[in-house]
Number of protein chains: 2
Amino acid sequence: MSILVVGSVAFDSIKTPFGEVEEVIGGSATYFSLAASYFSEVSVVAVVGEDFSERHLDLFRLKNIDTRGMKRARGRTFRWKGAYGYDLNEAETLETQLNVFANFKPKIPEDYRQKPFVFLGNIDPDLQRDVLRQVQCPRLVACDTMNYWIHHKLASLQRTLGLVDILIINDAEARQLTAEPNLIKAARKIRDLGPKILVIKRGEYGAVLVSGDCIFTAPAYPLEDVSDPTGAGDSFAGGFVGYLASAGDLSESYLKRAIVFGSVMASFNVEEFGIRRLSSLTFPQIVERFQAFKALTHFEDLNVQAARV
Amino acid sequence: MSILVVGSVAFDSIKTPFGEVEEVIGGSATYFSLAASYFSEVSVVAVVGEDFSERHLDLFRLKNIDTRGMKRARGRTFRWKGAYGYDLNEAETLETQLNVFANFKPKIPEDYRQKPFVFLGNIDPDLQRDVLRQVQCPRLVACDTMNYWIHHKLASLQRTLGLVDILIINDAEARQLTAEPNLIKAARKIRDLGPKILVIKRGEYGAVLVSGDCIFTAPAYPLEDVSDPTGAGDSFAGGFVGYLASAGDLSESYLKRAIVFGSVMASFNVEEFGIRRLSSLTFPQIVERFQAFKALTHFEDLNVQAARV
């Protein structure tokens, strides 16, 4: 099944202890759609500036991503500049230029409105609902958000959450949203707000799925060389939603595999700067890493030979 | 197979957001031996003061733990007082009274010296080597340490590490010991120091095993109510070493299950204050939670119905 994603497309300048890059293509819609493109058809709604060239669009088209919903507005493309320390857990934002993104009003093209899967990237929750007003009964709506919206637009965000099926956020955001330090209790409170399925990303510690009575965890793939964590969360969401859309099934065993595919795509993404690694993957490589997650997490059944009690 | 553990026995006063207790029995050897006692025979070498009564010893004896190596010295038992905030990740130490523990010189009773499994709790690395000089060719030596020894007695700790098979430490300690932020690289450096098997505890994020080419992860069990994290690390070590000793097999599939049993025992331990939960478990409860870890981490094989690429 095919996915509509609405989010940001940006030029990122990134510095980590392992190198730096200037004005490479980034943004939530970019990372999401590249990761999802290995599994499903993806159509992007976003805004770019006059400095966004055909060569840049080709990075999407090469992955068969439908870019007709990416509108070119007058002005410059959104720019973000950030730096990471050795622990790579949190970016320090050095500069944000919203540019054309400041006036982003997502307009969903007519032929995108019946897409069965919708992913709302991390944008203003008012705009997220604006998107949902334009689409027609999608089968599944997944959504991301961030600390900024939790802090500044909580009421609007809560209205959006009442309309989505899956929320994909990080653990600090889950705690902030609910004022609840215990993650399992926080998950219950979030599900009371609307999303029946919750995915909590924990950076280098992996991800947790909470759905019905099911709790499932996947670790982050252990990598010796992490170059750049930018976009890991959106790559995760792309692998997760992308696999679900390809399967067309939201039952528990599919949700679990989707968490693993999300983790797989995030793990590839951080191996190189920007979208370099996501642009150059093959599907067999993805499957190989999926299998590697099995070795990392599965154990054989009980064999207590000398239980005393 | 039977285990010799050398470590601390203490009276702890603990305050968490969920309650507080005064002068309850604690210490690394206590938590370790209680957790391990569900799997194997355990003999403890430790020192206690004149205020340590027969009633206290009964807490061990009830679990068939051999306490003949717990020597009563003149003076008061080691006391520790600590508090935790809502995140429960790190204790703030409010007071430490070493008391009789200040002069602890472990003397291994003659009939303990051929125990096949040895666990060196978190004590001065000089004393850890002192223990190893007294025992006779144990089949396996596992060891814990802490930031204090890494900072103040690095050379001695490195000598100890040259003599142990398994090091069980937390992730911050692994990074501190190697000055390496990447955990997988840190693991490789630690194994170059001696331990062929490394277990890295990550608190609420679970644990990682690194052995040969095998990397294995287990999450922490998701609990809605964590009362008191004191002793979680030693309970983990007790479950881990206890299961290995009961199995008498150190091959990969046993090591993986041991990580899960360690996680099981740690998860029980934090449910109540002090040793209350570890004192009252049944083996079927342990097996039930072991199975729950399977549901938490296992996923079914690949089923990509619509892979595009």
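**View 1. Helix 8 and helix 9 of chain B in the predicted model.** The axes of helix 8 (residues 232-247) and helix 9 (residues 252-269) of chain B come within 7 Å and cross at roughly 140 degrees. Helix 8 of chain B is therefore oblique to helix 9 of chain B, and the crossing is right-handed. Residues of helix 8 of chain B that make the contact include B:Phe236, B:Phe240, B:Tyr243 and B:Leu244; among those contributed by helix 9 of chain B are B:Tyr254, B:Arg257, B:Ile259 and B:Phe261. By class, this contact comprises 14 nonpolar, six polar and one charged residues.

**View 2. Helix 8 against the strands of chain B.** Helix 8 of chain B lies across strand 1 (3-6), strand 8 (117-120), strand 9 (140-143), strand 10, strand 11 and strand 12 (207-211) of chain B. With respect to strand 8 of chain B, the helix runs at about 170 degrees.

**View 3. The open sheet of chain B.** Nine strands form this sheet in the order 5-4-1-8-9-10-11-12-13, with mixed pairing. Strand 5 (70-72) and strand 13 (214-218) of chain B are the edge strands, each pairing on one side only. From one strand to the next, the twist averages 15 degrees.

**View 4. Strands 10 and 11 of chain B.** Strand 10 (residues 166-170) and strand 11 (residues 197-201) of chain B run parallel and are joined by five bridges. Within this pair, B:Asn170 stands opposite B:Lys201 of strand 11.

**View 5. Chain A and chain B.** A turn of 180 degrees, with a shift of 0.0 Å along the axis, lays chain A on chain B with an RMSD of 0.0 Å. That is the relation of a two-fold axis. The same surface serves both copies, as 100% of the contact residues of chain A recur in chain B.

Conventions: Residues are numbered from 1 along each chain as its sequence is written. Chains are lettered from A and ligands numbered from 1 in the order in which they are written. This is a predicted model: local features need pLDDT of at least 70, side-chain atom pairs count only at pLDDT 80 or more; totals for chains, interfaces and linings use all residues. Copies are superposed by least squares on the C-alpha atoms of residues with pLDDT of at least 70 in both. Two residues are in contact if their C-beta atoms, placed from the backbone, lie within 7 Å. Two strands pair if DSSP finds at least two bridges between them. Helices (H or I, at least four residues) and strands (E, at least two) are DSSP runs, numbered from the N terminus. Axes are lines fitted to C-alpha atoms, for helices over the stretch in contact, and angles run from 0 to 180 degrees between N-to-C directions. Angles under 35 degrees count as roughly parallel, over 145 as roughly antiparallel, 65 to 115 as roughly perpendicular and the rest as oblique. A crossing is left-handed if the near helix is turned anticlockwise from the far one by less than a right angle, and right-handed if clockwise. Ala, Val, Leu, Ile, Met, Phe, Trp, Tyr, Cys and Pro count as nonpolar, Asp, Glu, Lys and Arg as charged, and the others, Gly among them, as polar.
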